[in-house]
Amino acid sequence: MPRPPRLRDQSAPDTAQLLRILWRTLPELWHSSPMLVSLLGLMALLGGLIPAATLLISKWAVDGVSRVAAGGEADLALLAAAWAGAALLGQVTGIARQVLQGYAADKFTVQTSRRLMDKMNDLTGLEVLEDPRFHDDIQILQMGAPRRPLNLTATILGLLGTLVGLLGVSGVLLTVGWWVPLVVVAGMVPLTLTQMRLYELGWSMTIQNTQASRELNYFQKAALNQQFAKEIRLYGLMPYLTREYTERTLDYQRTMRGVRNKQLLGVLPAQILALAVTAGVFAYAVWQAQQGNLTPGAVVLVIGALSQVRGDLQSLADSLGVGSEHLHWFAKYYEFLDAVPQVAAPAQPQPLPQRLDLTLEGVTFGYQGHAPVIENLSLHIPEGQTVAIVGENGAGKSTLIKLLLRFYDPSAGRILLGSAGEQTDLRDVDPAEWRSQVAAVFQDYARFEWDVRQNVLLGQQEDPQRLSYAADASGLSAMLPRLEDGLNTRIGQAYGGVDLSGGQWQKLVTARALYRAEARVLILDEPTAALDPRSEAEVFAAFAELARGRTALLVTHRLGSVRMADRIVVMRSGRVTEDGTHEELLARGGEYAELWRLQAGQYGE
Ligand SMILES: Nc1ncnc2c1ncn2[C@@H]1O[C@H](COP(=O)(O)OP(=O)(O)OP(=O)(O)O)[C@@H](O)[C@H]1O
């Protein structure tokens with residue numbers, strides 16, 4: 001049985017890979033708003049130099065004061081003005097950077113989220129959604145999409161400013177001794193490395209516990225979900241949900257608390273070392289001043305530079321740690337963008353054939369990790385035929401429909417489009433083009449909490465004539481007067497809208513299929529299960545009308561309605577067991593005849 005390719009590499013990226021991810025992200029960031037990012041880069045450089053300039057001015061000012069006290073001369077007013085000017089420039093660039101950074105980060109966030117959604121659109125199959133690892137990844141991507149791009153932008157620009165600042169201040173410290181910046185930086189490197197390692201640990205724990213966090217959230221969501229509210233109340237489920245949620249949350253918090261404490265305490269030794277180095281250099285500077293080797297201004301410079309370097313290295317460590325966490329998120333993001341799913345659109349799609357006959361040749365298929373549910377199935381449906389597919393629960397009817405729509409690929413055999421002599425494998429045509437020829441009502445159709453109109457149009461341009469035809473034929477028009485705003489009625493109580501009954505929903509989704517009047521293939525999977533007898537008759541009449549001249553596949557348990565089909569296919573355990581007209585199958589006395597007799601018996605026929 002085929003397995004979908006792994007969507008992600010389970011192993012965490014190492015430093016070299018993180019650097020490659022950074023290398024890939026920088027152009028993406030720049031691409032999202034080139035002007036803004038260039039401007040921000042320049043401002044980060046400028047902002048980084050200001051602390052060193054301020055320190056130098058302070059040194060000159062203190063030495064000037066000493067000179068004046070000793071009867072010499074110094075332009076203290078100019079120095080004070082220069083100091084104030086530098087400080088003001090620092091403040092102004094800081095604020096301007098924050099504002100522009102916000103704009104740049106917003107643009108980068110939108111670009112990143114769009115790419116995620118575009119990629120989701122490229123995942124044309126459903127197999128990927130059945131992989132639990134995919135849900136872990138999606139949770140991580142969803143949670144991070146609104147903030148990771150923003151934070152990474154801030155981190156990269158902050159890092160740039162900090163590095164420039166460090167270089168500037170190190171240059172200033174060189175005036176005290178060539179070895180001073182080296183010792184100060186070396187003393188702080190362990191702190192930086194420890195912090196990065198601990199951030200790494202935090203991230204890997206988050207990844208390992210994603211499934212646990214998804215599971216505990218499920219209990220909370222279930223408790224608050226309107227759909228489950230009736231069962232929860234009837235069966236007194238709430239205490240169970242609360243208990244499970246609380247216990248799982250406590251477990252999760254215990255694990256994560258351990259990591260947090262490790263992160264906080266783990267840096268202590270490195271912090272003590274950094275402090276000792278700083279104190280040592282400070283003591284050395286004071287001793288040198290006592291020896292007359294350093295001016296008072298130079299001592300002030302050393303004190304200022306030490307605290308600046310400490311601050312810079314601290315923020316460097318934070319930025320590298322946090323930045324590596326953001327890059328881990330981006331690693332997942334690129335894995336997702338680069339994933340090649342099993343059901344992929346062909347690079348060079350074949351055109352759709354003229355006729356759209358459907359042929360299954362020895363098709364076998366099983367869901368990921370499960371035994372085959374369709375086995376060696378062969379079937380030919382000429383274009384224009386109306387075929388009813390019947391069979392017991394779990395026979396594989398809906399799966400057959402999903403294969404025909406190429407939501408999955410068979411593990412053996414093939415599905416062909418076109419008449420003999422001009423057949424094309426379904427895998428070789430563009431899935432979007434093929435699906436644009438199909439209108440379908442699924443058994444588990446989507447109930448969007450939009451207004452009724454949007455639920456019918458599903459993003460298509462509104463054509464009033466087609467809309468009124470679809471609404472009339474599906475029975476939707478008849479129920480509109482009971483809705484406050486007709487087609488504009490919002491669905492979903494969570495948004496102040498209304499709830500529809502199962503039958504009303506079914507009419508709405510029927511209108512959805514009927515609206516796609518240009519479709520050449522009509523697929524209806526249990527379209528009338530929730531309809532009252534009158535509505536059912538109306539919907540079938542509309543289908544019969546719409547099915548004329550098209551291929552129509554009707555999956556149903558209501559055998560009364562299958563008589564309208566040209567042909568009835570009976571499925572059992574993933575195979576076609578009977579195939580013929582209603583009369584032929586009755587005469588055959590097989591499974592269909594038995595099912596027919598059972599249902600007819602219920603109505604006293
Ligand atoms: N996404 C899935 N993952 C794993 N197994 C699945 C999935 N969908 C369906 N199955 C299994 O495949 C088998 C066929 O299901 P399918 O929905 O095709 O049957 P069906 O004939 O349409 O049944 P029904 O009449 O109840 O709608 C069942 O055993 C079902 O449990």
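Here are some exercises with worked solutions on a predicted model.

**Exercise 1. Work out how the protein is divided and how the parts touch.**

Step 1: Start with the bounds. Domain 1 covers 15-338, and domain 2 covers 361-602.

Step 2: Take the centres over C-alpha atoms; those of domain 1 and domain 2 sit 54 Å from each other.

Step 3: Now look at the contacts, where seven residues of domain 1 meet eight residues of domain 2. On the domain 1 side, the touching residues are one nonpolar, three polar and three charged.

**Exercise 2. Check what the chain does over the spans that UniProt annotates as "transmembrane region".**

Step 1: Get the spans from the record. The unreviewed UniProt entry puts this annotation on residues 35-57, 150-170, 176-193 and 264-287.

Step 2: Take residues 35-57, which are 100% helix and 0% strand, with 33 Å between the end C-alpha atoms.

Step 3: Do likewise for residues 150-170. That span is 100% helix and 0% strand, and its end C-alpha atoms are 30 Å apart.

Step 4: Zoom out to residues 39-325, which the unreviewed UniProt entry annotates as "domain: ABC transmembrane type-1". Here the chain is 87% helix and 0% strand, and the end C-alpha atoms lie 26 Å apart.

**Exercise 3. Find the strand order of the open sheet of four strands, then trace its pairings.**

Step 1: The order reads 2-1-4-5, and the pairing is antiparallel. At the edges you'll find strand 2 (372-381) and strand 5 (424-425), each pairing on one side only.

Step 2: Follow strand 1 to strand 2. Six bridges link this antiparallel pair, and G366 faces P372 in strand 2.

Step 3: Look at the turn. Strand 1 and strand 2 make a hairpin with five residues between them, and G369 in that turn has a positive phi of about 80°.

Step 4: Go to the other partner. Strand 1 (residues 358-366) runs antiparallel to strand 4 (residues 412-417), with five bridges joining them. For the register, L360 stands opposite I415 and T364 stands opposite A412.

**Exercise 4. Which residues come nearest to the ligand, and what kinds of residue make up its shell?**

Step 1: There are 13 residues around the ligand, and Y367, N393, K397, S398 and T399 come nearest.

Step 2: Sort the shell by type: three residues are nonpolar, eight are polar and two are charged.

Step 3: Ask which element gives the largest share. That's helix 12 (residues 397-404), with three residues.

**Exercise 5. Is L405 buried or exposed?**

Step 1: Locate L405 in the loop between helix 12 and strand 4.

Step 2: Count neighbours. L405 has 20 C-beta neighbours inside 10 Å, so it counts as buried; the cut-off for buried is 20 or more.

Step 3: See who is there. Ignoring neighbours within four places in sequence, L405 contacts R435, V438 and A440.

Step 4: Add a distance: the C-alpha atoms of L405 and A432 are 9.8 Å apart, with the two residues 27 residues apart along the chain.

**Exercise 6. Describe the hairpin of strand 9 and strand 10.**

Step 1: Strand 9 (residues 567-572) pairs antiparallel with strand 10 (residues 575-580) over five bridges.

Step 2: Pick a bridge: V570 has E578 in strand 10 as its partner.

Step 3: Finish with the turn, which has two residues between the strands; S573 takes a positive phi near 45°.

Terms used
Residues are numbered from 1 along each chain as its sequence is written. This is a predicted model: local features need pLDDT of at least 70, side-chain atom pairs count only at pLDDT 80 or more; totals for chains, interfaces and linings use all residues. Two strands pair if DSSP finds at least two bridges between them. Domain bounds come from an automatic or database domain assignment. Two residues are in contact if their C-beta atoms, placed from the backbone, lie within 7 Å. Ala, Val, Leu, Ile, Met, Phe, Trp, Tyr, Cys and Pro count as nonpolar, Asp, Glu, Lys and Arg as charged, and the others, Gly among them, as polar. A residue is near a molecule or strand if its C-beta atom, placed from the backbone, lies within 6 Å of it. UniProt positions are given in the numbering used here, feature names are shortened, and annotations may be inferred rather than shown by experiment. A residue is buried if 20 or more other C-beta atoms lie within 10 Å of its own, exposed if 12 or fewer, and partly exposed in between; C-beta atoms are placed from the backbone.
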